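User: Hey, can you walk me through this structure? I'd like to start with how the strands line up and then see the rest.

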Amino acid sequence: MADKRTTLAEAVSRLESGMTIGIGGWGSRRKPMAIVRAILNSDLTDLTIVSYGGPDVGLLANSGKVRKVIAGFVTLDSIALEPLWRQVRQRGAIELQEVDEGLFYLGLQAAAWRVPFLPARAGLGSDVLARYPEMKTVASPYVDGPFADPADAGATFLAMPALRLDAAIVHANAADTAGNATFTGPDPYFDELFLGAADLRIVTAERVVENGTLDTVGPLAKATIHRLLTDLVVETPNGAHFTSCAPDYDRDEAFQKAYVAAASDPEAWAAFAARYLAVDEATYQAAVLEDLENRA
Amino acid sequence: MRDITRADICIAAAAEAWRGAGEIMASPFGTVPMVASRLAKRTFSPDLVLTDGEAAIIVGAPPITTRPSDLVREAAVPYKTIFSVVWSGRRHIMMQASQIDRFGNQNLSAIGPANQPKVQLIGVRGAPGNSVNHKTSYWVPDHSTKTFVAAVDTVCGVGYDRAEAAGPGATRFHDLPLVVSNLGVFDFSGPGHTMALRSMHPGVTVDEVIAATGFDLHIGDVVETPLPTDEQLAIIDELDPKGARDREVKA
């Protein structure tokens, strides 16, 4: 059986400028931050990022590598507003398509199921529809016959287009060598659909175990990412830092506060970026460990 | 009994959103709505379904200071299942509004032009879907002409005029029962589903409300918002022992 393990560098080398990339997780929760950091240090540019946005979106948008973002929000959860995202938006430096959170789910689902759209009430009447001429509505074809609902006579629905992705990146609590993975925390979010919607599917994980042993990490029912959904597996311990990766670790709130504080001042940001961003993953993790020891 | 604060009054008023709600999910955003939903569950709406704000339904209506590890959970509701709840209609959310207009269009996305906002806020979130699928009420802790505006900059939550224009797909389940602010209680019983002042909080005058509102507010028979009962105050104290509510609400 194929061994899907590879390195961060190799995984990032498979991405190309101009790609539409979906990033799993939600807000400041279980984001594949190790690979986000690696992208910051790559030559990639002109990206479109599709995300339930957190610091992944803030950092990438701020790096100038992103042309467009498709999102319903960008937040740090315990801190409501993402500071880098605000700055980029308020400079008018990026294109944004805002999508209702539920529509976003349908867009990924449509792509994963290879249908052009899925209908919803969500978005009707709002600027999620009115602001983007590329977004369309559809009338129900069931106007009579056994499946017609008289209460919806004459109704149109929003036709949420498939959000097809060139690549998807998600972070799991554990993966196996064959490309199966498990989310042992409280919420798998929409990571399975990000993978299903994408051509190139990358799973980073806290640890990589032998094929057939994911049930030793947590209940098999949590191992909902099977190898039909994945191409590459990268072991990135503490790889979601500073976002949460329950039950392995919580969000590093002290780090997140420092990130927000640094973002408010160019000089502080330069120092922050030099220590945490312009470095490889091992150096980043060493710096984080040093911070932890200093705080203790 | 202790002094009654404006926040206490807002909580008792907001709790009324869930009176008679039965077995639906109450989704509160902000301290006042959170305490209010738990007050409703403790008193007149015991079947309300409350979540831990992450991925589980919790048992009871514990104090808002309860540590996550001390919550008792009864079922898992990861995000994917939440949208099934939203689209089934079995939910009444109380969202906040950075801007709201006389038809109930709400903005929490950004202030200013779409391409280069003056202030980038959190984003549309689930507001478009919430507002056309189930009951959606609003809480505005800082009532002023900056929050109650003639026209919102981005329509996130859908108001009555925009729902009407979008047709029956949008209007079928559209229902905005209540707006609670730090000055009063409002609904959309004005002409053509426009915002009407239902009650003002004790100590607030009609003129103050009008001056703080950036559009023509329908003024019908206006009463004073009732004070919380002693029983309600005791429960509010238990739900919010550190007085977080009084930091959210300016008098």
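User: Okay, which residue stands opposite Leu158(A) in E7(A), going by Thr137's part of the chain or elsewhere?
Analyst: Thr137(A) stands opposite Leu158(A) of E7(A). Ala120(A) also stands opposite Leu158(A). Keep in mind that this is a predicted model.

User: Which strand does Lys136(A) face a partner in, and who is that partner?
Analyst: Lys136(A) has Ala159(A) as its bridge partner, and Ala159(A) sits in E7(A). Strand E6 (residues 136-139) of chain A is joined to E7(A) by four bridges, and the two run antiparallel.

User: And how many bridges are there between E5 and E7 of chain A?
Analyst: Four bridges again: strand E5 (residues 117-120) of chain A pairs with E7(A) in the antiparallel sense.

User: So what order do the strands come in within that sheet?
Analyst: The order is E5-E7-E6 in chain A, an open sheet of three strands with antiparallel pairing. E5 and E6 of chain A are the edge strands, each pairing on one side only. From one strand to the next, the twist averages 45°.

User: Cool. Which strands make up the sheet with mixed pairing?
Analyst: That one is an open sheet of three strands in chain A, ordered E10-E9-E12. Its edge strands are strand E10 (181-182) and strand E12 (208-209) of chain A, and each of them pairs on one side only.

User: How do E9 and E10 of chain A pair, parallel or antiparallel?
Analyst: Antiparallel: strand E9 (residues 174-176) of chain A and E10(A) share two bridges. In one of the pairs, Ala175(A) has Ala181(A) in E10(A) as its bridge partner.

User: Let's zoom out. How many helices and strands are in chain A?
Analyst: Chain A has 10 helices and 13 strands. Its radius of gyration is 20 Å, close to the 19 Å that the globule rule gives for 296 residues, so chain A is as compact as a globular protein of that length. Along the principal axes, the C-alpha atoms of chain A fill a box of roughly 70 × 50 × 35 Å.

User: What domains does the assignment give for chain A?
Analyst: There's domain 1 (8-100 + 163-256) and domain 2 (117-161). Taken over C-alpha atoms, their centres are 31 Å apart in chain A. The contact takes four residues from domain 1 of chain A and four residues from domain 2 of chain A.

User: What classes of residue are on the domain 1 side of that contact?
Analyst: The side of domain 1 of chain A that touches domain 2 of chain A has one nonpolar, one polar and two charged residues.

User: Switching to helices: what do people use to describe two packed ones?
Analyst: They use the angle between the axes and the distance between the axes.

User: Then what is the angle between H2 and H3 of chain A?
Analyst: Helix H2 (residues 33-40) of chain A and helix H3 (residues 55-62) of chain A pack at about 5°, with their axes 10 Å apart. Because of that angle, H2(A) counts as roughly parallel to H3(A).

User: Which residues make the contact?
Analyst: From H2(A) you have Met33(A), Val36(A), Ile39(A) and Leu40(A), and from H3(A) you have Asp56(A), Leu59(A) and Leu60(A). Sorted by class, the residues of this contact of H2(A) with H3(A) are six nonpolar, no polar and one charged.

User: Now chain B. How many residues does each chain bring to the contact?
Analyst: Chain A brings 40 residues and chain B brings 37 residues. On the side of chain A that touches chain B, helix H4 (83-90), helix H5 (101-113), helix H6 (127-130) and strand E7 (156-161) of chain A each supply at least two residues. That side of chain A divides into 20 nonpolar, 10 polar and 10 charged residues.

User: Last topic, backbone oddities. Where are the cis peptide bonds?
Analyst: One joins His241(A) and Phe242(A), with omega about 10°. Another joins Ala246(A) and Pro247(A), with omega about 0°. Phe242(A) is in the loop between strand E13 (232-235) and helix H8 (253-263) of chain A, and Pro247(A) lies in the loop between E13 and H8 of chain A too.

User: And what about phi of Asp77(A)?
Analyst: Phi of Asp77(A) is near 65°, a positive value in a residue other than glycine. You'll find Asp77(A) in the loop between strand E3 (66-71) and H4 of chain A.

Conventions:
Residues numbered from 1 in each chain as written. Chains lettered and ligands numbered in written order. Predicted model: local features only at pLDDT ≥ 70, side-chain atom pairs only at ≥ 80, totals over all residues. Contact = placed C-beta atoms within 7 Å. Nonpolar A, V, L, I, M, F, W, Y, C, P; charged D, E, K, R; others polar. Domains from an automatic or database assignment. Axes fitted to C-alpha atoms, helices over the stretch in contact; angles between N-to-C directions. Parallel < 35°, antiparallel > 145°, perpendicular 65-115°, else oblique. Pairing = 2+ DSSP bridges. Rg over C-alpha atoms; globule rule 2.2 N^0.38 Å.
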